[in-house]
Amino acid sequence: MAGIELNTLHSRAETTKAKRRVKTAKIVFSTCIGSSLGLLRNEMFDIVIIDEASQQTEGCALVPFVKGCQRAVLVGDHVQLRPTVRPEVVALGGDCSLFKRLFTSSRGEGLGRLMLDTQYRMHSSLCDFPSTEFYRERLVTGLRDSERGLEKTGFSWPKGDKRRVWVEFADREEVKGKSKVNKGQAGVCLGVCTLLTTAAYGEKGVSQTVAVSTPYAKQVDLLKRVLGQVMGSGLVEVSSVDAFQGREADVVVFVTVRCNEKREIGFLTDMRRLNVALTRTRRGLFARAGAIPSQVQARQTGK
């Protein structure tokens, strides 16, 4: 498709009909880049609304603005996923979106800023941490805790209505091409998901959904193989963190993968990706984090 003029892909009659429909439309949906291509190349737009604006590079976001834009609305969250660019572009600051630049700017002429500060997804105890760490304690919960009750399953949550479980697991990660996997963490994940999808004694069944999330593509493949039978229930889904942004589940099982002697955590150094991983859940969060492998830890402590 490279270098092909999009208008030539249709007959003249089809192209004329499509152009007429665009001309008469009140609203046109497009990607930022697509707003300057094909049938939209010569079209002008008075108002531009960009969704997921924090994931657009500045260059992409500017494309629809040069087509007659008089007013613009950018919708996004600059403390969640950033634009995806090459490492050398990150080094030059190219991963800063226009949304973030404008929202955090000290200059406010002509700009209106609004934070939608009430969330209706998470139990209040799950909201506390991201509110403090990512949103300057401005994120509040707009639902009652009773609306996010935990379903009775084979998995025993801590007493006291605690909704977060953190498990340290010291199986060493493995390199798979440009990605990484952790078979030990995948095994623990299978056990947890089996319990989460098994009804507690005396209960009729389980209806809660479980999302298994991980930063690494190869770990996604591994988890899908390991959890194949559990996923057959239709209650369990495996996804990368990035692919699950904007979605939600009753319980999120977060598999970090990383566990090495150098204490490197790769993708997890990006707090915005971590924010996404921790805020997809409605009722409960289970996370497995690596530790220093036991042999190395023993060598360091002399035990």
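## A buried asparagine and two surface patches

At 0% relative accessibility, Asn 275 counts as buried in this predicted model, and its place is in helix H9, which spans residues 271–278. When neighbours within four places in sequence are left aside, Asn 275 is in contact with Val 79, Gln 80, Pro 130, Phe 134 and Tyr 135.

The protein chain around this residue has ten helices and eleven strands, and its C-alpha atoms fill a box of roughly 70 × 45 × 45 Å along the principal axes. Of its 303 residues, 39% count as buried, and among contacts between residues at least 6 apart in sequence, 72% join residues at least 24 apart.

Turning to the surface, the protein chain exposes about 18,100 Å², of which carbon and sulfur atoms supply 53%. Ile 47, Ile 49, Val 73 and Val 75 make a nonpolar surface patch of about 380 Å², whereas Lys 176, Lys 183, Lys 218 and Arg 225 gather in a surface patch of positive charge. Across the protein chain there are 47 positive and 32 negative side chains, and the centres of these two sets lie 3 Å apart.

The table sets out three residues with their elements and accessibilities.

| Residue | Element | Relative accessibility |
|---|---|---|
| Ile 47 | strand E1 (residues 47–50) | 56%, exposed |
| Arg 225 | helix H7 (residues 217–226) | 61%, exposed |
| Asn 275 | helix H9 (residues 271–278) | 0%, buried |

Ile 47 counts as exposed because its relative accessibility of 56% is over the 50% cut-off, and Arg 225, with a relative accessible area of 61%, is likewise exposed.

Note on methods. Residues numbered from 1 in each chain as written. Predicted model: local features only at pLDDT ≥ 70, side-chain atom pairs only at ≥ 80, totals over all residues. Heavy atoms only, no water. Patch = residues over 30% accessible without salt bridge, like charges linked within 9 Å, V, L, I, M, F, W, Y side chains within 5 Å. Areas by Shrake-Rupley, 256 points an atom, 1.4 Å probe, with all protein chains shown as cover. Salt bridge = Lys/Arg side-chain N within 4 Å of Asp/Glu carboxyl O. Lys, Arg positive; Asp, Glu negative; His and termini not counted. Charge placed at Lys NZ, Arg CZ, Asp CG, Glu CD. Helix = DSSP H or I, 4+ residues; strand = E, 2+ residues; numbered from the N terminus. Buried < 20%, exposed > 50% of the residue type's maximum accessible area, 1.4 Å probe, protein only. Contact = heavy atoms within 4.5 Å.
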